[in-house]
Amino acid sequence: MEEWVLPDGTSKHRVAIDRLVQLRVFIETVDRKSEKNYKLNATFQRSLQNLLINGGTLPREPMPSNITVRLPTLEDLEAYALEQWECFLLQLISSNQVERPSNISSSLMKLFQRHLMRQRDKEAPRLTESGFQFLLMDTNAQLWYIIREYISNSEARGVDAAELISFLLELSFHVIGEAYNINTLTDFQRNIIKDLADLGLVKLQQGRKESWFIPTKLATNLSVSLADSSSRKQGFVVVETNFRVYAYSTSKLHCEILRLFSSVEYQLPNLIVGAITKESLYNAFENGITAEQIISFLQQNAHPRVAERIPTVPENVTDQIRLWESDLNRVEMTEAYYYDEFPSRDVFEGACDCAREWNGLLWEDSKKMHMVVKMEVHPYVRDYLRRQK
């Protein structure tokens with residue numbers, strides 16, 4: 001396979017092979033000469049052969065335009081998907097902020113909240129460290145988190161996980177904006193499609209005789225790599241050198257996200273104005289948000305007018321965010337084991353060498369024969385010392 005590749009394509013070839021291995025399409029093997037080879041996953045191979053020989057057909061075709069009523073434009077469909085998704089996220093983190101709650105059942109909402117929210121006694125639910133980090137992810141990463149949670153709990157809801165995954169991947173290959181007849185779905189798929197409509201992955205419409213679903217961009221993103229930048233939405237944030245933040249948005253969700261790490265001063269109909277302060281950042285750091293996550297969020301959501309600038313976020317702002325984080329991280333805690341009273345110098349030096357081999361020696365005092373090792377390396381050092389008795 002390496003002989004097929006031109007010299008300037010070697011790195012891309014390596015990345016492609018690694019991705020195929022991660023997807024379990026390729027399986028690594030070692031031949032008699034101890035050289036690494038690859039073979040196709042047997043299941044994938046059979047399916048590929050079947051496709052090449054018999055051809056493939058989609059489970060359903062789009063409905064003819066003379067049956068469907070006027071379908072939404074792609075712009076309207078994208079706006080609908082974004083509105084549904086933001087409504088869901090706002091209900092997820094702050095149900096009292098939602099003007100039009102989604103139809104997602106309370107049990108399913110609790111499933112999505114289990115790692116993102118915590119509640120003690122009679123207190124109001126609060127975001128966990130994972131919850132804060134979740135809100136700063138881009139939409140594609142958030143979607144996959146929610147879908148993973150949805151799949152992981154499928155058996156408890158009496159749903160076959162394999163059938164669910166198959167349908168979700170099948171849906172991702174439908175055409176955005178086309179109408180597909182609801183009658184082509186099984187009863188199982190009809191129940192799933194209602195949940196997906198609440199999340200904004202599809203839009204449901206009813207005609208005189210027929211009903212149909214229309215996939216949105218969120219649905220097709222299920223088959224897109226998280227690293228694919230083509231699925232990114234337009235940014236809305238401008239950060240100035242004086243630490244002022246201007247967010248050109250009407251979204252309550254955007255306002256709530258900005259409150260995670262900045263002080264929101266006032267909100268106009270289409271503009272949120274705030275400032276990044278030491279106090280607002282300290283509060284964010286205490287909630288488990290990192291400086292890099294904040295900087296990444298500001299860069300990924302930069303307004304088009306500043307998105308082409310390098311850097312998109314002023315350097316004095318990014319540097320100060322990192323400095324304020326380092327103020328809180330001057331001492332790093334590492335669980336460790338302390339050793340002393342070695343019977344001889346040889347045993348002490350052997351124990352140090354053993355810890356070094358496992359990259360676990362934190363500190364040593366050769367004069368007094370004391371040493372400190374990482375907790376995960378302790379079993380290896382302990383076994384070494386037992387063998388010296």
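These legends go with six views of a predicted model, from the whole chain down to single side chains.

**Figure 1. The whole chain, with 16 helices and 14 strands.** Helices (H or I, at least four residues) and strands (E, at least two) are DSSP runs, numbered from the N terminus. The radius of gyration is 27 Å, well over the 21 Å that the globule rule gives for 389 residues, so the chain is more spread out than a compact globule. Here the radius is taken over C-alpha atoms, and the rule is 2.2 Å times the number of residues to the power 0.38. The C-alpha trace spans about 90 × 65 × 50 Å along its principal axes. Of the 389 residues, 42% count as buried, a term for under 20% relative accessible area (exposed is over 50%, partly exposed in between; 1.4 Å probe, protein chains only). If we take contacts (heavy atoms within 4.5 Å) between residues at least 6 apart in sequence, 58% join residues at least 24 apart.

A note on reading the views: residues are numbered from 1 along each chain as its sequence is written, and side-chain values use heavy atoms, with hydrogens and water left out. In this predicted model, local features need pLDDT of at least 70 and side-chain atom pairs count only at pLDDT 80 or more, while totals for chains, interfaces and linings use all residues.

**Figure 2. Phe88 meets Phe112 edge-to-face.** Rings of Phe, Tyr and Trp (its six-membered ring) pair if their centres lie within 6.5 Å; planes under 30 degrees apart count as stacked, over 60 as edge-to-face and the rest as tilted. The whole structure holds 11 aromatic pairs. In the one shown, the centres of Phe88 and Phe112 are 5.6 Å apart, with 90° between the planes. This pair links distant parts of the chain, since Phe88 belongs to helix α3 (residues 74–93) and Phe112, 24 residues away, to helix α4 (residues 106–113). Phe88 is buried because its relative accessibility is 0%, and Phe112 is likewise buried at 0%. Look around them for Trp85 and Tyr150, which ring pairs join with Phe88 and Phe112 into a cluster.

**Figure 3. Charged side chains over Tyr150 and Tyr80.** A charge sits over a ring if NZ of Lys or CZ of Arg is within 6 Å of the ring centre and within 35 degrees of the ring normal. Arg157 lies over the face of Tyr150, 4.3 Å from the ring centre. At Tyr80, the charged end of Lys203 is 4.2 Å from the centre of the ring.

**Figure 4. Leu164 and its surroundings in helix α7 (residues 161–172).** With 0% relative accessibility, Leu164 is buried. Beyond its neighbours within four places in sequence, Leu164 contacts Tyr150, Ile151, Ser154, Arg157, Val159, Phe188 and Ile192. Phe188 is 24 residues from Leu164 along the chain, yet their C-alpha atoms are separated by 8.8 Å.

**Figure 5. Ser172, also in helix α7.** Ser172 counts as buried, at 4% relative accessibility. A polar atom of the Ser172 side chain lies 2.6 Å from the backbone oxygen of Leu169. Setting aside neighbours within four places in sequence, Ser172 touches Ala219, Thr220, Leu222 and Ser223.

**Figure 6. Thr318 in helix α14 (residues 315–328).** Thr318 is buried, with 6% relative accessibility. Its side chain has a polar atom 3.0 Å from the backbone oxygen of Glu315. Not counting residues up to four places away in sequence, Thr318 is in contact with Ile295 and Val313.

Key: Polar contact = N/O pair within 3.5 Å; in protein donor to acceptor, adjacent residues only side chain to side chain.
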